[in-house]
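Subject: Structure for you to look at

Dear colleague,

I am handing over the structure below, and would be glad if you could look through it alongside the notes that follow.

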Amino acid sequence: MSPSSDRSSAGWRPDEPSGRSSDAASKAPRESSWEASWEASREASSKSSRESSSKSSREASREASREASWEPRDPTVPVPPPSRARRPRRLLRRLLGLVVLGGLLLLGGFVAGYLLVDIPPANATAVAQSNLFLYRDGSQLARDGEVDRENVSLARIPLGVQHAVLAAEDRDFHTSPAVDPRAMVRATWNTLTGKGRQSGSTITQQYVKNYYLGQEQTLTRKAKEFFIAIKLGREKSKGEILEGYLNTSYFGRNAYGIQAAARAYYGKDAKDLDTAEGAYLASLLNAPNAYDVAAHPENRPRALARWRYVLDGMVKEGWLSPAARAAAVFPTPQQARPSAGLSGQRGYLVQAVEQYLTEHGIVDEKTLAAGGFRITTTLERAKQDAFVQAVDEHVNAKLDPAHNPADRYVRVGGAAIDPASGRVVALYGGIDYTRQFVNNATRRDYQVGSTFKPFVLAAALQHGALTQEGERITPNTFYDGNNRRPVQGWSGASYDPANEDDSSYGEITVRSATDHSVNAVYAQMAVDVGPGRVREAAVALGLPRNTPDLTSSPSIALGPATASVLDLAQAYATLANHGTRGAYTLVERIARDGEELELPGAAGPAGRRQALGREAADTTTSVLRSVVQGGTGTAALAAGRPAAGKTGTAEDDKAAWFAGYTPELATVVAMMGQDPASGRQEPLYGALGLPRINGGGAPAAIWGQFTREALAGVPPKEFDLRLMEGAEELPLEPPVPDFPDAAQGYEGPGAADRRPPRGPGSSKPGQRPEARREGSGRAEPVEEPVREARRDPGREPGRETAGGPGGGPGGGPDREASEASNPAAPQTGAAAPQPGAPAGSPPGAAPGGAPGEELTAVPAPAPFHVPGQ
């Protein structure tokens, strides 16, 4: 290129003067810069041309343009930071890769789960069975554990009720898929982070949980629920799923399904429910027990809020008009009612049998509750009905709580055992299980009172115990029966129990003290034997070792222990069976799915052992026969057959007992006082229109009638007794009472004067009778000397020792010593001591206080054997 062309392209003008004017020097730098720019542009163009052969025209043009536009940086302008556009791009690419990988894994897991998880059979709860209880003869007694469920078709459930359930649980049920992944993720997260139990389940998932799985809150169950719900949603229609859900959901009150819930809460069928009632039942699905306003009135505000939430949801979904919503009134449910199948005595009997099965380790509670057991009990229908009839006639028919407030407190419990086998043949638990839930036959919270005294006598006879004066204890041994006589030989605190009505009896035999339940005598006897031995005797005979208040102290003789009616019946059955004991049984056999379960021990003689020597047991029986013949239990004569028994009264007359037996049947009856509102034990004063209730009254009368009816058709049987030396057997034929109060078990002052005489030599309590003995098994009485007790010289019979009563406890639980007796003044009219006897010697004592003929020594007793202890 020529210089002229270079100049022309650089913008040179030909008319410009060639010479420089005076300002040429100032323009020189600018022209020099222009020339430099022009030169650089020229070189760039030349370079672009040279590289066009190796680059595309577009890249060469871009490069040339970039180089051509470059200018030196202005130092006054700040330098911009380096660009970071490439870093987010790298992160996004990595995240995208992870998402894709996670999606593939989830897809693979979903496919694997769908293929591996099958729809299982229904769970045990969904098909739970009942337990069938039978009488011994195979007739049905009751059903228990039955799931209260009656399936109904969806067509029989009002549409308003269906919509209420959907509003409460799954408003998008008809339009949404079987599972809600978002809700499940939320519920899973809340469960993992400890925010409480979360559901997040659709109705389909809840139905799967109810019918196929269980209620546990675990991730494994959630995963199974998810896949089963998907499969179920493909195999069943929405209507079928909703119907199944409504029939398997739990509504509280043991009601499974909408039909059972309608009956439990409103006493009507599901088809008759209105929308407000349906909304309340739908509310219960969230928390059945908490929202039951009848059972938990304190939760009424929460239940109302949930009920309103359901109705408002129905309005929002267009299932209920605003006007109908405004007119809705909360439908208060009825009170819960126990199943009618457990009414009357059935509930008590089922409760006792279930308690027996679980306490003896035959079946655990959870397994028993699952149902499916066929249980044949030892209970006999005829005897059971006889017990109910006897209680109705002597107690229930006489109650008038509207006019007599004390009648509100009356409770009755009873139990009867076959002594030969140990089978419980009848129980009376209360007036009606649906009205009184506590089983009076098995409860252990009332003192047994003087029904415990035979155990003291049995222990004394078994161990050959001696009095404080060294005389062997027999039914004819004399004791000081004065009121508040301090016990002798006790190293503990002073103890001077009061007799019933503070009566004193002076010198009295053990037999007579038993007839009239003299506390002073038996407290001293307990010390003579040893309270620990007395306790072991009671346990050996049948009382549980853990019986409350069964303590080794003198007061044990007065019955502070709170054994149950059934416990006491077992102990008396052991006495009736000559001291041979086998644990009682309420179950004859039990089977499930045709397979019988093993029962503890064995019924009959093979499973029984001697717990008390026969002579000791039989001698105790002979003394208890006297109680029925002419003591405090004469009302039991109504049985019309030989019987033995003992009355008892708890402290403050809060309970009255009669425990007795014939050779064929041992039965215990108790009346108890309890406030139905507070549950507090109350005295029975004034109940049945009587000043007081004692064991010789209604309990003995019930015992007599029940025993007569229960053994109807069974020939009367005499006791086959083997008595110890020194014991006196009653006549074989019981005398017929010839005084008007005998049949009613009259108790109180004056009763002894109207009692039939015992024959020659008889005397009032407090007087020493002529020594005589009726031979064992012989009908003719034989005179025989009786050893006199040795007393301290100078002490007058019938008086307390110097110093008077001690400052110990008072009367103890039982103060019924004067039942059916008329205590005389101490020793008034008593036989005078023999001439030459020291002052204060007992009447009939030999001169110089020499004792009478010594009794034959009793063979060394066998130790107690306590079966099952």
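At what angle do the axes of helix 7 and helix 9 cross, and within what distance do they come? In this predicted model, the two axes come within 9 Å and cross at roughly 50°, helix 9 being made up of residues 238-248. Since angles from 35 to 65 degrees count as oblique, helix 7 and helix 9 are therefore oblique to each other, and their crossing is left-handed. On the side of helix 7 the contact is made by Ile-203, Thr-204, Gln-206, Tyr-207, Asn-210 and Tyr-211, while helix 9 contributes Ile-241, Leu-242, Gly-244, Tyr-245 and Thr-248. Sorted by character, the residues of this contact comprise 6 nonpolar and 5 polar ones, with no charged residue.

Helix 7 itself spans residues 203-211, and 8 of its 9 residues are buried, so this helix is largely enclosed by the rest of the structure. The buried residues are Ile-203, Thr-204, Gln-205, Gln-206, Tyr-207, Val-208, Lys-209 and Asn-210.

As to confidence, the chain averages a pLDDT of 76, and 65% of the residues score at least 70. Over residues 1-28 the pLDDT stays under 50, and the model has 7 contacts beyond four places in sequence for that stretch. Residues 865-869 also have a pLDDT below 50, with 16 contacts in the model beyond near neighbours in sequence. Where pLDDT is low, the predicted coordinates should not be read in detail.

With best wishes

How values were computed: Residues numbered from 1 in each chain as written. Predicted model: local features only at pLDDT ≥ 70, side-chain atom pairs only at ≥ 80, totals over all residues. Heavy atoms only, no water. Buried < 20%, exposed > 50% of the residue type's maximum accessible area, 1.4 Å probe, protein only. Helix = DSSP H or I, 4+ residues; strand = E, 2+ residues; numbered from the N terminus. Axes fitted to C-alpha atoms, helices over the stretch in contact; angles between N-to-C directions. Parallel < 35°, antiparallel > 145°, perpendicular 65-115°, else oblique. Left-handed = near helix turned anticlockwise from the far one by under 90°. Contact = heavy atoms within 4.5 Å. Nonpolar A, V, L, I, M, F, W, Y, C, P; charged D, E, K, R; others polar. pLDDT = per-residue confidence, 0-100.
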